[in-house]
Amino acid sequence: MRQGTRLLMAIAVGTLGALAPIAPVGAQAPSQAELARGKYVFGATGGCGCHTKPKEPVNAGGRRYDGPFGTVYATNISPDRETGIGAWTDEQIVTAIRLGRRPNGERILPVHPYTVFNGMAAEDLRAVTAYLRTIPAVKRANQPKRITVPLFESVFLPAWLAAFAPKETPPASAPATGIARGEYLVRAIGHCGECHTPRTMTMATDNSRFLAGNEKGPEDSVVPNITPDKETGLTWTVEQIAEYLATGNKPDGDVAGGLMGEVIQGTTAGYKDMTKADLLAIAHYLKSVAPVKNRIGK
Amino acid sequence: MRQPAIRRAVVLCSLVAIATAACASGGEKKMSVGSGDVVADRQRLMKLNGALWADAQAKGKAGNWEAIGVNAEAMAINAEHIPMLFPPGSLTDKSKAKPDVWQKWPEFETASKKMVAESVKLRDAARSKNQEATEAAMKDFGRNACGACHTPFRVPPPAR
């Protein structure tokens with residue numbers, strides 16, 4: 001009887017251990033509420049889909065991005081200890097997300113939008129970090145980047161970051177309601193400006209035309225102007241905007257596709273999983289930004 | 001007596017020859033499904049499906065669940081035509097299709113079959129007058145049915 005009890009306990013402990021997130025040694029286990037918050041914020045970023053190849057394991061990296069400087073491949077951010085971020089401390093993960101530095105001090109290329117993720121509140125960063133550890137670990141070695149511009153990482157990139165990269169400032173705590181909440185979700189979490197804001201000659205986002213659309217978006221996409229300009233911008237109602245972000249359905253019956261379709265769908269979570277209140281907050285914020293006349297496409 | 005026999009033989013041979021020629025030409029020529037401008041045809045079909053879907057959503061908001069069945073039925077029939085509207089070599093300047101359509105043809109065909117399946121599911125739910133099932137089928141229809149192709153295979157239009 002006692003042997004049986006011990007066996008059951010061993011199975012229970014083993015099962016719980018297998019289900020628990022992979023936490024670094026000595027770290028305090030996150031609460032369920034924190035993990036839920038982490039998953040929510042993860043979804044509000046679009047599910048970190050840049051780190052997931054379509055129809056492949058979540059966060060395992062390998063997705064290719066071509067830029068004027070060469071080609072990079074998204075890294076494995078699953079909790080695998082050898083090829084992913086499983087051996088990183090929470091602080092190291094947070095530093096990578098918001099400051100773009102790996103534990104060895106190496107600078108991450110700003111294809112990962114740390115200049116805007118820098119605007120995330122500390123509590124959200126902690127929660128996302130905890131959630132990232134719950135996603136199944138995948139052993140997949142990172143593909144090396146191919147930089148074609150001489151001295152790009154040693155000279156050009158630091159100079160570019162210092163001179164041109166706009167940087168968000170993190171709030172003391174994440175705004176909970178209203179337009180401030182919408183602004184926080186759009187700017188820092190959803191990083192909408194990374195695709196929807198045109199870029200200058202230096203490839204920095206032109207924030208004087210924030211969200212005014214981009215003819216040459218990522219992966220050759222044409223990204224619409226979502227400022228409230230009546231002729232060239234987004235003229236949907238706040239309800240229609242919230243509906244679109246929740247379902248992908250446009251008012252004319254068309255359905256989102258491309259990268260927007262991906263971020264709405266997300267990976268383990270996406271924009272579609274945000275609360276109605278947050279989607280409306282985003283919509284109200286989009287209605288409040290300065291209208292910019294910028295016709296995109298035909 | 002001999003002349004009619006020859007005439008009959010000539011007529012018979014002619015009929016066989018005509019039938020053979022017809023069969024041969026029928027085998028070579030593919031069934032025509034549209035106006036001849038396949039890009040315009042498929043864009044019309046997509047717009048038609050968009051209108052049907054917008055109408056279905058309006059009916060859902062009005063609580064007219066059963067009426068959604070006819071929209072779903074039409075979308076299912078339309079979706080069955082999708083693969084034949086993307087013949088090889090039909091990627092023109094006017095087309096918003098990505099080359100992936102032809103490079104990953106089995107995936108594209110699977111996605112269009114998913115559109116048919118989701119439409120049939122929605123139709124059956126609506127016809128059964130089961131509001132809960134219809135609402136459930138409606139909830140993810142856009143992403144699952146239309147989005148299954150739009151996300152990987154279409155260059156998104158800069159729609160407003």
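This is a short walk through the contact between chains A and B, one buried helix and a small sheet in chain A, and a helix pair in chain B. Keep in mind that the model is predicted.

I'll start with the contact between the chains. Chain A puts 24 residues into it, and chain B puts in 19. On the chain B side, two helices each supply at least two residues: α2, residues 38–61, and α7, residues 141–153. Of the elements on that side, α7(B) gives the most, with seven residues. What is the make-up of the side of chain B that touches chain A, by nonpolar, polar and charged residues? The split is ten nonpolar, six polar and three charged.

Staying with α7(B), this helix also packs on α5 of chain B, residues 105–127. The axes of the two helices are 8 Å apart, and the angle is about 165°. That angle is over 145 degrees, so α5(B) and α7(B) count as roughly antiparallel. Their crossing is left-handed. From α5(B), the residues that meet α7(B) include B:Phe108, B:Ala111, B:Met115 and B:Leu122. B:Lys114 and B:Glu118 of α5(B) take part as well. On the α7(B) side, the partners include B:Phe141, B:Cys146, B:Cys149 and B:Phe153. By class, this helix contact has ten nonpolar, three polar and two charged residues.

Now chain A, and first its helix α5, residues 122–132. How many of its eleven residues are buried? Nine of them are, so the helix is largely enclosed by the rest of the structure. The buried set is A:Asp124, A:Leu125, A:Arg126, A:Ala127, A:Val128, A:Thr129, A:Ala130, A:Tyr131 and A:Leu132. Among the elements that cover these residues are two other helices of chain A, α2 at 32–44 and α3 at 90–99.

Last, the strands of chain A. β1, residues 64–67, pairs with β2, residues 70–73, in the antiparallel sense, over four bridges. The two strands form a hairpin, with two residues between them. Where β1(A) meets β2(A), A:Gly67 stands opposite A:Gly70. β2(A) also pairs with β3, residues 146–147, again antiparallel, through two bridges. In that pairing, A:Thr71 of β2(A) faces A:Arg146 of β3(A).

To go back to chain B for a moment: α7(B) packs against α5(B), and α7(B) also gives the most to the side of chain B that touches chain A.

Terms used:
Residues are numbered from 1 along each chain as its sequence is written. Chains are lettered from A and ligands numbered from 1 in the order in which they are written. This is a predicted model: local features need pLDDT of at least 70, side-chain atom pairs count only at pLDDT 80 or more; totals for chains, interfaces and linings use all residues. Two residues are in contact if their C-beta atoms, placed from the backbone, lie within 7 Å. Ala, Val, Leu, Ile, Met, Phe, Trp, Tyr, Cys and Pro count as nonpolar, Asp, Glu, Lys and Arg as charged, and the others, Gly among them, as polar. A residue is buried if 20 or more other C-beta atoms lie within 10 Å of its own, exposed if 12 or fewer, and partly exposed in between; C-beta atoms are placed from the backbone. Two strands pair if DSSP finds at least two bridges between them. Axes are lines fitted to C-alpha atoms, for helices over the stretch in contact, and angles run from 0 to 180 degrees between N-to-C directions. Angles under 35 degrees count as roughly parallel, over 145 as roughly antiparallel, 65 to 115 as roughly perpendicular and the rest as oblique. A crossing is left-handed if the near helix is turned anticlockwise from the far one by less than a right angle, and right-handed if clockwise.
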